[in-house]
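Hi,

Here is the structure I promised to pass on. Have a look at it first, and my notes follow underneath.

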Amino acid sequence: MEKIPKNDLKDWEEYLQSDFAIEENDEDKFSQNEIILEIDLHGYNLDKAFAQVKETLLKAKENNIEVVKFITGIGKHSKSGRGEINYELPFWLKDNPEIRDLVGNFKWDKENPSIIIVKVKKNNI
């Protein structure tokens with residue numbers, strides 16, 4: 001199994017410490033009563049996963065779905081030993097101009113780090 005490069009680990013740690021990283025007090029932004037859609041990205045390559053994430057978030061916004069759970073996996077079966085989608089998805093949600101305006105907030109599931117929960121921005125009426 002290939003080790004994660006030190007630069008990647010450093011970048012990841014910096015990201016988690018950044019202002020964008022979700023703090024415990026942001027929990028109230030995720031209500032238990034919200035409409036939730038769950039998408040499993042296991043087996044997807046990065047290009048297909050990105051396309052699926054984008055399409056899912058667009059459809060969620062159009063249909064007033066408030067929360068999307070993306071199941072990414074954590075890389076147990078990958079050649080690199082890390083979950084590529086689990087690693088990339090936060091950067092897409094935060095930085096990618098095709099996606100970031102659809103995202104209100106996101107967090108990792110406390111009980112399952114292979115799940116990223118996204119709060120979809122509401123439509124402005």
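**Helix H3 and its aromatic rings**

The buried residues of H3 are Ile85, Asn86, Tyr87, Leu89, Pro90, Phe91, Trp92 and Leu93. By "buried" I mean under 20% relative accessible area, with "exposed" over 50% and "partly exposed" in between (1.4 Å probe, protein chains only). Helices (H or I, at least four residues) and strands (E, at least two) are DSSP runs, numbered from the N terminus.

Before going on, the ground rules. This is a predicted model, so local features need pLDDT of at least 70 and side-chain atom pairs count only at pLDDT 80 or more, while totals for chains, interfaces and linings use all residues. Residues are numbered from 1 along each chain as its sequence is written, and side-chain values use heavy atoms, with hydrogens and water left out.

Back to H3. Its 12 residues should span 16 Å at 1.5 Å a residue (the expected span is 1.5 Å times one less than the number of residues). The C-alpha atoms at the ends of H3 are 17 Å apart, which agrees.

Now the rings. Rings of Phe, Tyr and Trp (its six-membered ring) pair if their centres lie within 6.5 Å; planes under 30 degrees apart count as stacked, over 60 as edge-to-face and the rest as tilted. By this rule there are three aromatic pairs. In one of them, Phe50 and Trp92, the ring centres are 5.2 Å apart and the planes sit at 85°, so the pair is edge-to-face. Phe50 belongs to helix H2 and Trp92 to helix H3, so this pair ties together parts that are 42 residues apart in sequence. Both partners count as buried: Phe50 has 16% relative accessibility, and Trp92 has 11%.

Tyr87 and Phe91 also pair, and theirs is tilted, at 5.6 Å centre to centre with 55° between the planes. These two are four residues apart in H3, so about one helical turn separates them. Tyr87 is buried at a relative accessible area of 12%.

There is also a charge over a ring, meaning NZ of Lys or CZ of Arg within 6 Å of the ring centre and within 35 degrees of the ring normal. Lys48 lies over the face of Tyr44, at 4.7 Å from the ring centre.

**The overall picture**

The protein has three helices and four strands, in the order α-β-α-β-α-β-β along the sequence. Of its 125 residues, 40% count as buried. Contact here means heavy atoms within 4.5 Å. Among contacts with a separation of 6 or more, 68% are between residues 24 or more positions apart. The accessible surface comes to about 8200 Å², of which 48% belongs to carbon and sulfur atoms (Shrake-Rupley method, 1.4 Å probe; for residues, only the protein chains shown count as cover).

**The core**

I took a nonpolar core as a set of buried Ala, Val, Leu, Ile, Met, Phe, Trp, Tyr and Cys residues joined through side-chain atoms within 4.5 Å. The largest one has 21 residues, and those with the most contacts inside it are Val53, Leu57, Phe70, Leu93, Ile99 and Val118. Two or more residues each come from helix H2 (46–62), strand E2 (67–71), helix H3 (84–95), strand E3 (103–108) and strand E4 (115–120). H2 gives the largest share, five residues.

Thr56 is also in H2, and it is buried at 5% relative accessibility. Leaving aside neighbours within four places in sequence, Thr56 is in contact with Leu37, Ile39, Val68 and Phe70.

Over in strand E4, Val118 is buried with a relative accessible area of 0%. Its C-alpha is 6.7 Å from that of Lys107, 11 residues away along the chain. Ile117, in E4 too, is buried at 8%, and its C-alpha lies 5.9 Å from that of Val68, 49 residues apart in sequence.

**Two loop residues**

What is the phi of Asn64? It is positive, about 55°, although Asn64 is not a glycine. Asn64 is in the loop between H2 and E2 and is partly exposed at 49%.

Glu98 sits in the loop between H3 and E3 and is partly exposed, at 41%. Not counting residues up to four places away in sequence, Glu98 touches Phe50 and Lys54. The C-alpha atoms of Glu98 and Lys54 are separated by 7.3 Å, with their positions 44 residues apart along the chain.

Cheers
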